[in-house]
Amino acid sequence: NFKTIIQKYKNLEIKGILADIGVSSLQLDDINRGFSFKSETLDMRMNQDQKLSARDVINNYSQAKLEYIFKEYGEIKEYKKLASLIVQNRPFDTAKQLTNFLSQNMRKTKSHHLATLPFQAIRIEVNQELESLKELLQSIEKANLSNCIIAIITFHSLEDKIVKDYFKKWAKDCICPAHFYKCECMNNNSKGKILTKKPIIPTKEEILQNPRSRSSKL
(Lines give C-alpha, C1' and ligand atoms only; values in the text may rest on other atoms or scores of the structure.)
Protein backbone atom coordinates (compact mmCIF):
# COMPACT_ATOMS: atom_id res chain seq x y z
CA ASN A 1 0.00 0.00 0.00
CA PHE A 2 3.00 2.33 -0.14
CA LYS A 3 1.79 4.12 -3.29
CA THR A 4 -1.44 5.08 -1.50
CA ILE A 5 0.40 6.14 1.65
CA ILE A 6 2.90 8.34 -0.22
CA GLN A 7 0.03 10.11 -1.99
CA LYS A 8 -1.86 10.68 1.26
CA TYR A 9 1.15 12.29 2.95
CA LYS A 10 2.71 13.95 -0.12
CA ASN A 11 2.95 17.30 1.66
CA LEU A 12 4.98 15.83 4.54
CA GLU A 13 8.70 15.05 4.53
CA ILE A 14 9.14 11.35 5.19
CA LYS A 15 12.16 10.80 7.45
CA GLY A 16 12.07 7.05 7.76
CA ILE A 17 10.54 3.83 6.42
CA LEU A 18 10.57 0.58 8.42
CA ALA A 19 9.16 -2.49 6.67
CA ASP A 20 8.89 -5.81 8.54
CA ILE A 21 8.53 -8.45 5.80
CA GLY A 22 7.94 -11.29 8.29
CA VAL A 23 4.76 -13.33 8.30
CA SER A 24 2.29 -12.43 11.07
CA SER A 25 2.61 -14.73 14.09
CA LEU A 26 -1.12 -14.27 14.70
CA GLN A 27 -1.81 -15.88 11.33
CA LEU A 28 0.84 -18.59 11.70
CA ASP A 29 -0.46 -19.62 15.12
CA ASP A 30 -4.11 -19.75 14.06
CA ILE A 31 -4.47 -23.43 13.17
CA ASN A 32 -7.55 -22.67 11.06
CA ARG A 33 -5.52 -20.58 8.61
CA GLY A 34 -3.63 -23.57 7.23
CA PHE A 35 -0.05 -22.40 7.85
CA SER A 36 0.58 -24.95 10.62
CA PHE A 37 1.88 -28.46 9.92
CA LYS A 38 -1.02 -29.75 12.06
CA SER A 39 -3.78 -27.73 10.42
CA GLU A 40 -6.93 -29.45 9.20
CA THR A 41 -7.16 -26.97 6.31
CA LEU A 42 -4.80 -26.27 3.39
CA ASP A 43 -5.25 -22.53 2.98
CA MET A 44 -2.25 -20.22 3.72
CA ARG A 45 -4.01 -17.10 2.36
CA MET A 46 -2.99 -13.98 4.27
CA ASN A 47 -5.81 -12.14 2.52
CA GLN A 48 -8.91 -14.28 2.99
CA ASP A 49 -10.69 -12.46 0.13
CA GLN A 50 -8.35 -13.75 -2.58
CA LYS A 51 -9.21 -16.90 -4.51
CA LEU A 52 -5.89 -18.76 -4.77
CA SER A 53 -5.14 -21.01 -1.77
CA ALA A 54 -2.49 -23.60 -0.92
CA ARG A 55 -5.03 -26.31 -1.77
CA ASP A 56 -5.32 -24.91 -5.31
CA VAL A 57 -1.54 -24.80 -5.72
CA ILE A 58 -0.94 -28.36 -4.50
CA ASN A 59 -3.85 -29.99 -6.31
CA ASN A 60 -4.10 -27.99 -9.56
CA TYR A 61 -0.62 -26.76 -10.52
CA SER A 62 1.24 -28.68 -13.23
CA GLN A 63 4.32 -30.66 -12.24
CA ALA A 64 6.55 -28.12 -14.02
CA LYS A 65 4.99 -25.23 -12.09
CA LEU A 66 5.39 -27.07 -8.78
CA GLU A 67 9.03 -27.77 -9.64
CA TYR A 68 9.54 -24.05 -10.23
CA ILE A 69 8.10 -22.86 -6.91
CA PHE A 70 9.89 -25.59 -4.91
CA LYS A 71 13.19 -24.69 -6.58
CA GLU A 72 12.86 -20.89 -6.61
CA TYR A 73 10.84 -20.20 -3.45
CA GLY A 74 11.88 -23.15 -1.27
CA GLU A 75 15.44 -23.66 -2.59
CA ILE A 76 14.77 -27.40 -2.31
CA LYS A 77 17.46 -29.63 -3.86
CA GLU A 78 15.06 -32.50 -4.59
CA TYR A 79 12.46 -30.20 -6.18
CA LYS A 80 11.81 -32.51 -9.16
CA LYS A 81 11.26 -35.55 -6.96
CA LEU A 82 8.98 -33.62 -4.61
CA ALA A 83 6.82 -32.22 -7.41
CA SER A 84 6.53 -35.64 -9.05
CA LEU A 85 5.50 -37.34 -5.79
CA ILE A 86 2.83 -34.72 -5.09
CA VAL A 87 1.35 -34.99 -8.60
CA GLN A 88 1.24 -38.80 -8.31
CA ASN A 89 -0.41 -38.81 -4.87
CA ARG A 90 -2.81 -35.86 -4.89
CA PRO A 91 -5.37 -34.67 -3.95
CA PHE A 92 -4.32 -33.36 -0.54
CA ASP A 93 -7.04 -31.79 1.61
CA THR A 94 -5.23 -30.68 4.78
CA ALA A 95 -1.84 -29.30 5.80
CA LYS A 96 -1.58 -32.18 8.29
CA GLN A 97 -2.05 -34.73 5.49
CA LEU A 98 0.58 -33.01 3.34
CA THR A 99 3.02 -32.85 6.29
CA ASN A 100 2.64 -36.58 6.98
CA PHE A 101 3.21 -37.35 3.31
CA LEU A 102 6.38 -35.24 3.22
CA SER A 103 7.63 -36.91 6.43
CA GLN A 104 7.31 -40.32 4.81
CA ASN A 105 8.83 -39.43 1.43
CA MET A 106 11.45 -36.71 1.85
CA ARG A 107 15.00 -36.94 3.16
CA LYS A 108 15.26 -35.75 6.76
CA THR A 109 17.34 -32.69 7.64
CA LYS A 110 18.98 -31.66 10.93
CA SER A 111 18.44 -27.92 10.58
CA HIS A 112 14.63 -27.74 10.38
CA HIS A 113 11.42 -29.72 9.99
CA LEU A 114 11.42 -31.28 6.51
CA ALA A 115 8.05 -29.65 5.69
CA THR A 116 9.40 -26.16 6.41
CA LEU A 117 10.80 -25.36 2.95
CA PRO A 118 7.92 -26.88 0.92
CA PHE A 119 5.43 -24.95 3.09
CA GLN A 120 7.50 -21.76 2.66
CA ALA A 121 7.47 -22.19 -1.13
CA ILE A 122 3.71 -22.76 -1.25
CA ARG A 123 3.02 -19.81 1.09
CA ILE A 124 5.18 -17.44 -1.00
CA GLU A 125 3.36 -18.51 -4.17
CA VAL A 126 -0.11 -18.18 -2.63
CA ASN A 127 0.55 -14.68 -1.29
CA GLN A 128 2.96 -13.42 -3.96
CA GLU A 129 5.26 -12.30 -1.14
CA LEU A 130 8.34 -11.56 -3.24
CA GLU A 131 6.32 -9.54 -5.74
CA SER A 132 4.88 -7.47 -2.88
CA LEU A 133 8.41 -6.75 -1.61
CA LYS A 134 9.55 -5.71 -5.11
CA GLU A 135 6.50 -3.45 -5.46
CA LEU A 136 7.38 -1.73 -2.18
CA LEU A 137 11.00 -1.16 -3.25
CA GLN A 138 9.93 0.11 -6.69
CA SER A 139 7.46 2.51 -5.06
CA ILE A 140 10.15 3.81 -2.70
CA GLU A 141 12.47 4.33 -5.68
CA LYS A 142 9.84 6.28 -7.64
CA ALA A 143 8.95 8.41 -4.60
CA ASN A 144 12.35 10.15 -4.94
CA LEU A 145 12.77 10.67 -1.19
CA SER A 146 15.58 12.69 0.38
CA ASN A 147 17.10 12.51 3.87
CA CYS A 148 15.08 9.36 4.54
CA ILE A 149 16.39 6.27 6.29
CA ILE A 150 15.04 3.00 4.87
CA ALA A 151 15.19 -0.12 7.06
CA ILE A 152 13.79 -3.48 5.97
CA ILE A 153 13.60 -6.65 8.05
CA THR A 154 13.86 -9.86 6.01
CA PHE A 155 13.48 -13.46 7.15
CA HIS A 156 15.01 -15.67 4.46
CA SER A 157 17.63 -15.53 1.71
CA LEU A 158 15.17 -14.78 -1.13
CA GLU A 159 13.93 -11.58 0.53
CA ASP A 160 17.46 -10.75 1.66
CA LYS A 161 18.83 -10.89 -1.90
CA ILE A 162 16.06 -8.68 -3.33
CA VAL A 163 16.66 -5.96 -0.72
CA LYS A 164 20.46 -6.12 -1.11
CA ASP A 165 20.20 -5.84 -4.89
CA TYR A 166 17.98 -2.75 -4.66
CA PHE A 167 20.19 -1.11 -2.02
CA LYS A 168 23.30 -1.72 -4.19
CA LYS A 169 21.49 -0.29 -7.21
CA TRP A 170 20.46 2.83 -5.25
CA ALA A 171 24.02 3.34 -3.99
CA LYS A 172 25.62 3.26 -7.48
CA ASP A 173 26.96 6.55 -8.81
CA CYS A 174 27.46 5.31 -12.38
CA ILE A 175 24.39 3.92 -14.15
CA CYS A 176 25.94 3.54 -17.61
CA PRO A 177 25.47 0.17 -19.38
CA ALA A 178 28.30 -2.28 -18.72
CA HIS A 179 29.51 -2.19 -22.33
CA PHE A 180 30.24 1.58 -22.26
CA TYR A 181 33.96 2.27 -22.61
CA LYS A 182 33.81 5.25 -20.24
CA CYS A 183 31.24 6.85 -17.98
CA GLU A 184 28.79 9.19 -19.73
CA CYS A 185 26.23 9.66 -16.94
CA MET A 186 28.25 12.20 -14.86
CA ASN A 187 28.87 9.52 -12.19
CA ASN A 188 26.59 11.17 -9.60
CA ASN A 189 23.37 9.19 -9.83
CA SER A 190 23.28 7.46 -6.45
CA LYS A 191 20.04 7.82 -4.52
CA GLY A 192 21.77 7.31 -1.18
CA LYS A 193 24.31 5.20 0.65
CA ILE A 194 24.23 1.86 2.41
CA LEU A 195 24.50 2.45 6.18
CA THR A 196 25.45 -1.09 7.22
CA LYS A 197 27.96 -3.25 5.32
CA LYS A 198 26.33 -6.34 6.80
CA PRO A 199 22.72 -6.78 7.97
CA ILE A 200 22.06 -6.33 11.69
CA ILE A 201 21.01 -9.61 13.29
CA PRO A 202 19.30 -10.27 16.66
CA THR A 203 21.34 -10.80 19.81
CA LYS A 204 21.26 -14.07 21.73
CA GLU A 205 19.14 -12.34 24.36
CA GLU A 206 16.55 -11.28 21.78
CA ILE A 207 16.39 -14.79 20.31
CA LEU A 208 15.79 -16.23 23.79
CA GLN A 209 12.89 -13.81 24.30
CA ASN A 210 11.53 -14.24 20.77
CA PRO A 211 12.74 -17.44 19.01
CA ARG A 212 11.14 -16.40 15.69
CA SER A 213 13.56 -13.49 15.46
CA ARG A 214 16.49 -15.88 14.91
CA SER A 215 16.33 -15.73 11.10
CA SER A 216 15.66 -11.99 10.86
CA LYS A 217 18.07 -9.53 9.23
CA LEU A 218 17.75 -5.75 9.33
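The accessible surface of the protein chain adds up to about 14600 Å², and carbon and sulfur atoms own 51% of that. The model behind these values is a predicted one. Of the 218 residues in the chain, 36% are buried. Measured out along its principal axes, the C-alpha trace covers about 60 × 45 × 35 Å. As for charge, the chain carries 36 positive and 25 negative side chains, with the centres of the two sets sitting 4 Å apart.

On to the fold. The protein chain contains ten helices and two strands, and reading along the sequence gives the pattern α-β-α-α-α-α-α-α-α-β-α-α. Among contacts with a separation of 6 or more, 60% join residues that are 24 or more positions apart.

Two helices show how the pieces fit together. Helix H4 runs over residues 63-72, and its buried residues are Leu66, Glu67, Ile69 and Phe70. These buried residues of H4 pack against helix H3 (54-60), helix H5 (79-89) and helix H7 (116-127). Helix H9, at residues 157-171, is 15 residues in length. From the first C-alpha of H9 to the last is 21 Å, close to the 21 Å expected at 1.5 Å a residue. The buried set in H9 consists of Leu158, Glu159, Asp160, Ile162, Val163, Tyr166 and Trp170, so acidic side chains turn up in it alongside Leu158 and Ile162. The buried residues of H9 pack against H4, H7, helix H8 (129-143) and strand S2 (149-153).

At the level of single residues, Gln27 is worth a look. Gln27 belongs to helix H2 (residues 25-29). With a relative accessible area of 17%, Gln27 falls under the 20% cut-off and therefore counts as buried. Leaving aside residues up to four places away in sequence, Gln27 touches Arg33, Phe35 and Met46.

Then there are the cysteines. A disulfide is a covalent bond between the sulfur atoms of two cysteines. The count of disulfides here comes to zero. Cys176 is in no disulfide, and the nearest cysteine sulfur, that of Cys185, is 3.7 Å away. The cut-off for a disulfide is a pair of sulfur atoms within 2.5 Å, which is why the sulfurs of Cys176 and Cys185 are not counted as one. Cys176 has a relative accessibility of 17%, so this cysteine is classed as buried.

Key. Residues are numbered from 1 along each chain as its sequence is written. This is a predicted model: local features need pLDDT of at least 70, side-chain atom pairs count only at pLDDT 80 or more; totals for chains, interfaces and linings use all residues. Side-chain values use heavy atoms; hydrogens and water are left out. Helices (H or I, at least four residues) and strands (E, at least two) are DSSP runs, numbered from the N terminus. Buried means under 20% relative accessible area, exposed over 50%, partly exposed in between (1.4 Å probe, protein chains only). Contact means heavy atoms within 4.5 Å. Accessible areas come from the Shrake-Rupley method with a 1.4 Å probe; for residues, only the protein chains shown count as cover. The place of a charge is taken as NZ of Lys, CZ of Arg, CG of Asp or CD of Glu. The expected span of a helix is 1.5 Å times one less than its number of residues.
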